[in-house]
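Thanks, everyone, for making the time this morning. I would like to walk you through one structure, chain by chain, and then turn to how its parts pack together.

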Amino acid sequence: MILGLDFPPISHVVEWPTLFGGDTFGVNKVVLLMWISVALVFALFYAARSRRQLVPTGAQNVAESTIEFVEDQIVMQTMGPDGLRFTPFLLTLFTFILTCNIWGLVPGAQMPVNARIALPMFMALLVYVIYNAVGIIRNGPIKYLKSIMFIPGVPWPMYFLLTPIELITRFITQPLSLAVRLFANMLAGHLLLVSFAVITQALVTTTIIGGALPLALLIFLSAFELLVAFLQAYIFTILAAVYIDAAMHPQH
Amino acid sequence: MLHLLAEQDPGELVEGLTAVGRGIVYGGAAIGPGIGIGLVVGNAISAMARQPEAAGMVRTTMFLGIAFTEALALFGFVLAFIISG
């Protein structure tokens with residue numbers, strides 16, 4: 001109870017009952033939305049590929065501009081032409097995260113899949129495995145570790161301070177912050193929308209005029225959440241690109 | 001005061017203090033990143049104003065800077081939910 005308003009506890013906002021599948025492989029709304037996102041992303045690129053035209057229309061248009069965006073704004077800005085091999089991976093990440101985030105704004109669904117830690121954590125672990133594997137394959141395990149632990153161009157006593165920091169950054173903080181950033185942003189946005197919806201409902205039933213202001217704010221925040229959904233997909237992808245690039249080309 | 005505290009139900013006291021702690025954790029965690037994001041964006045804007053042709057590159061770096069700075073506030077946000085009495 002805050003100011004006479006009954007806010008739902010956080011477990012009511014993000015936890016959903018199991019629909020089917022029993023205890024171990026229970027499928028709830030979040031998992032269902034994730035499967036739909038996978039199908040949607042796959043369908044978009046499949047449709048764009050199957051009816052290829054010189055002048056793109058419909059699905060092909062969307063797919064081509066997305067690919068161009070990922071190539072020009074993410075891969076070329078951070079990794080250069082050397083990283084174009086990772087475009088398919090980063091494109092998949094970007095479109096999948098964006099679709100998962102947008103579910104928070106779709107009426108009837110109203111739940112961003114990434115507001116539960118499981119999916120961001122899995123994707124962060126995937127990126128973690130990939131960038132370490134790329135670093136080890138490109139540079140060899142010893143040179144890769146050396147490039148992380150000993151940054152060139154600092155006086156040697158500094159290594160007592162810098163080596164632990166660099167190791168913790170590369171192996172613990174980077175994947176953790178990658179997962180937590182996406183998760184916390186989507187959860188915060190979801191809670192914000194829920195709070196304003198609760199306030200609007202409570203005020204509309206008492207005074208209709210008083211409900212107009214929170215309703216206007218709710219609409220404004222929904223537009224803002226659309227921006228955040230896009231921005232978080234973009235940031236997750238660009239950080240994955242930066243981490244892969246840092247593992248691929250260590251600072252000599 | 002002590003007398004008053006002793007009469008309180010300890011469970012209620014813990015619950016209240018937990019709520020206060022959550023508020024302090026998130027509030028404290030938001031101070032630094034708030035200043036930091038302001039610095040990042042402010043400097044990015046002055047760089048774009050000085051050299052509009054470099055705006056694309058500056059924007060990419062700005063979003064990276066925001067993402068790194070913001071992470072600390074988000075750790076605080078998650079920590080506030082993890083804290084329980």
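Let me begin with chain A, which, read along the sequence, follows the pattern α-α-α-α-α-α-α-α, so to speak a run that amounts to eight helices and zero strands. Please keep in mind throughout that what you see is a predicted model, and that every value I quote is computed from it.

Along its principal axes, the C-alpha trace of chain A spans about 70 × 55 × 40 Å. Of the 252 residues in this chain, 30% count as buried. If we look at contacts in chain A between residues at least 6 apart in sequence, we find that 62% of them join residues at least 24 apart.

How confident is the predictor in this chain? The average pLDDT of chain A is 89, and 98% of its residues score at least 70. Among the elements of chain A, the lowest mean pLDDT, 82, belongs to helix H1(A), residues 10-14, while the highest, 95, belongs to helix H4(A), residues 87-102.

Now to one pair of helices in chain A. Helix H7(A), which covers residues 159-206, packs with H8(A) at an angle of about 175°, and their axes are 10 Å apart. Because angles over 145 degrees count as roughly antiparallel, H7(A) and H8(A) are described as roughly antiparallel to each other. The residues of the contact between H7(A) and H8(A) divide into 18 nonpolar, six polar and one charged.

Staying with H8(A), which comprises residues 212-248, I would point you to Leu226(A), which lies in this helix. Is Leu226(A) buried or exposed? The answer falls between those two words, because Leu226(A) has 15 other C-beta atoms within 10 Å and is therefore partly exposed, given that a residue needs 20 or more to count as buried and 12 or fewer to count as exposed. As for its placement relative to another leucine, the C-alpha atoms of Leu226(A) and Leu33(A) are separated by 17 Å, and these residues are 193 positions apart along the chain.

Let me turn to chain B, which has three helices and zero strands and which, read along the sequence, follows the pattern α-α-α. Its C-alpha atoms fill a box of roughly 70 × 20 × 10 Å, taken along the principal axes. The radius of gyration of chain B is 21 Å, whereas a compact globule of 85 residues would have one near 12 Å. Buried residues make up 11% of the 85 residues in chain B, and, among its contacts with a separation of 6 or more, residues 24 or more positions apart account for 83%.

On confidence, chain B has a mean pLDDT of 87, with 91% of its residues reaching 70 or more. Among the elements of chain B, helix H1(B), residues 2-7, has the lowest mean pLDDT, at 66, and helix H2(B), residues 10-50, has the highest, at 91.

Finally, how do the two chains meet? The contact takes 12 residues from chain B and 12 residues from chain A. By class, the side of chain B that touches chain A has 10 nonpolar residues, one polar residue and one charged residue. For the model as a whole, the scores are ipTM 0.78 and pTM 0.88.

Methods:
Residues numbered from 1 in each chain as written. Chains lettered and ligands numbered in written order. Predicted model: local features only at pLDDT ≥ 70, side-chain atom pairs only at ≥ 80, totals over all residues. Contact = placed C-beta atoms within 7 Å. Nonpolar A, V, L, I, M, F, W, Y, C, P; charged D, E, K, R; others polar. Helix = DSSP H or I, 4+ residues; strand = E, 2+ residues; numbered from the N terminus. Axes fitted to C-alpha atoms, helices over the stretch in contact; angles between N-to-C directions. Parallel < 35°, antiparallel > 145°, perpendicular 65-115°, else oblique. Rg over C-alpha atoms; globule rule 2.2 N^0.38 Å. pLDDT = per-residue confidence, 0-100.
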